[in-house]
Amino acid sequence: MSGVLQRYGVDPRELSQDQLYKLALILQLLQAQEKTGTTSSFNLVAPLKPEKPATVLDPPDAPPAPSSTLISAPTKSSGSVPSASQPTHATEPGQSLKDLPLDGTGGKEEYGYIFTNQSLLTLYDGVKLLGLLADRIHLSTSSFINISVVGPAVTFRLRQNEHNVTAAEVAAKAVSEKHFLESETGLKIVQSGVGERTDARGLPQVIKVSESSGGTVIILVSMAVVGGVLVLAMAVACFRHYNQQLASGKLGLGPEGGAETHFDYQDCVGGGNTSRVSSVSSQFSDGPQHSPSSTHSSTPSWSEEPAQSNMDISTGHMILAYMEDHLRNKDRLQKEWEALCSYQADPSSSIVAQNPNNIDKNRHAESLPYDHSRVKLKSDVNATKQDYINASFIFDHDPRQPAYIATQGPMAHTVADFWQMVWENGCTVIVMMTALVEDGEKQSERYWPDEGSSLYHIYEVNLVSEHIWCKDFLVRSFYLKNVQTQETRTLTQFHLLSWPANGIPTSTRPLLDFRRKVNKCYRGRSCPIIVHCSDGTSRTGTYILIDMVLNRMAKGVKEIDIAAALEHIRDQRPGLVRTKDQFEFALTAVAEEVNAILKALPQ
């Protein structure tokens, strides 16, 4: 080993973490070639830039990050597409692909992949890329399974489909539709291809590889051996360090760890994995249902039990009977909705929102805040010296303290206003009810950095962690700093993925689990919860209505009238809960949560 190092003038102490990571990737490729008996030469392409230098540096109980081999590949594969009868496996929270069982016994899985110019591609951009590609080739998005984002690449498998399209054909189409995909996503398509995954982890190993010189192979073989030894040494050192930390009880999982943000965030998400490398079994539905029970066990690990409630059994049963009667009696429900539609708030002026200086700050002309309940910014510190933002305070029982701020999805020129509102109202929780883009239409600007930090006027936002909690929602943790005063705060964003823009979820369970997680993090703080979708009325209003009614029940209120509660919040922002379907969904969600609470109460 020493001779090899001297021959190439390599001092392991001088290798950077990135170089060590490259060596580890090369070693994995060589090992894969030994297993398959191939001796083809290969070319490396832009390697991954992981959050952590190498997977082995994680503590033993932390979920491993996927490892990847990035190599040049053709757009056709000699492998076959797995049939629809083969089982697919959903990933649990914090589970990486290498933890999943193989399809069959020792079978090889054919994966397609698309490399982009983003060093850390987000799950949304990867899913959007595949969605656009599916539309161009007239393929249902449900044909994509095992979608995973690793570094700059999105990988996928295809189930059996009516057009018999293979992963190789999808990869080839990504090249032919390159200009369209780049114009729609803002990404650059660097490469696409197909490969086989023999150990169900990382990026696919390519079936066919480009030719290269024999000398390059010899050099890379030598470097791979060196890399393997170095990685092993680093693993031993890491395990020793971890054991020392475990013995001293200073793993940073509690307040004694010294990082308040880390403690709060772990408490919010239940201490799960916080890796930016995102992996889900399928961001698209594998079937008609959206409930997590379709791909998870009946008691998924991310499910929260109902919070402790002061609701007594008799009141609970009365409320449940009232809700079920409304849901069964469609005529009664229709009449109640018609009465709600004819309701007029007073006062109801929105003069400030229609001011010529503010019109371009409204995403939707029909979703404007009332003058009496709008959120006012401090104009002296505002970037445009204005106090307007399309947002409304929503009060419940305490007229001195708003329970929520209902707002639209920020626009490109209002992101700084959004963070000013967060700062000035001391908010610690953001509930986001929309994807950034749905059906090709932008719903919200990305108001946080994709990685690292970004400055929005005088507010510096640092992305601390991004956690795919399940296929229905994810959680992000931020540091927020006012660069004028040098004050810093922490906040958590809960991002729901499973509520379509022009509809309702097929199941209430993901939303109820999502709400429980939000409230566990909020823990009764005195600041308002920011809730937004695209227009700040439809999905936003439905979430606020459900949460407000359930919170009232938990406090022991004996008389609950959801229609009156909706009128109450519509007095403060127009258009909250826009459709009868959304109102019926709110009734269903409340009924199901009350039923869950009753089951949890001592009989």
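**Strand pairing and a helix contact**

In strand β15, Leu496 is the bridge partner of Phe473. The model is predicted. This briefing covers the strands that pair with β15, then the contact between helices α12 and α14.

**Strands around β15**

- Strand β14 covers residues 473-482, and 10 bridges join β14 to β15.
- The strands β14 and β15 run antiparallel.
- These two strands form a hairpin with 4 residues between them.
- In this hairpin, Gln486 has a positive phi near 65°.
- Strand β9 (residues 429-432) also pairs with β15 (residues 487-496), here in the parallel sense and over 4 bridges.
- Val431 has Phe494 in β15 as its bridge partner.
- In a regular strand, side chains alternate between the two faces of the sheet.

**Helices α12 and α14**

- Two packed helices are described by the angle between their axes and the distance between the axes.
- The axes of α12 (residues 538-554) and α14 (residues 580-600) come within 10 Å and cross at roughly 30°.
- Angles under 35 degrees count as roughly parallel, so α12 and α14 are roughly parallel to each other.
- The crossing of α12 and α14 is right-handed.
- On the α12 side, the contact residues are Ser538, Arg539, Thr542, Leu545, Ile546, Val549, Leu550 and Met553.
- On the α14 side, they are Gln582, Phe583, Phe585, Ala586, Ala589, Val590, Glu593 and Val594.
- The residues of this contact divide into 11 nonpolar, 3 polar and 2 charged.

Methods. Residues are numbered from 1 along each chain as its sequence is written. This is a predicted model: local features need pLDDT of at least 70, side-chain atom pairs count only at pLDDT 80 or more; totals for chains, interfaces and linings use all residues. Side-chain values use heavy atoms; hydrogens and water are left out. Axes are lines fitted to C-alpha atoms, for helices over the stretch in contact, and angles run from 0 to 180 degrees between N-to-C directions. Angles under 35 degrees count as roughly parallel, over 145 as roughly antiparallel, 65 to 115 as roughly perpendicular and the rest as oblique. A crossing is left-handed if the near helix is turned anticlockwise from the far one by less than a right angle, and right-handed if clockwise. Contact means heavy atoms within 4.5 Å. Ala, Val, Leu, Ile, Met, Phe, Trp, Tyr, Cys and Pro count as nonpolar, Asp, Glu, Lys and Arg as charged, and the others, Gly among them, as polar. Two strands pair if DSSP finds at least two bridges between them.
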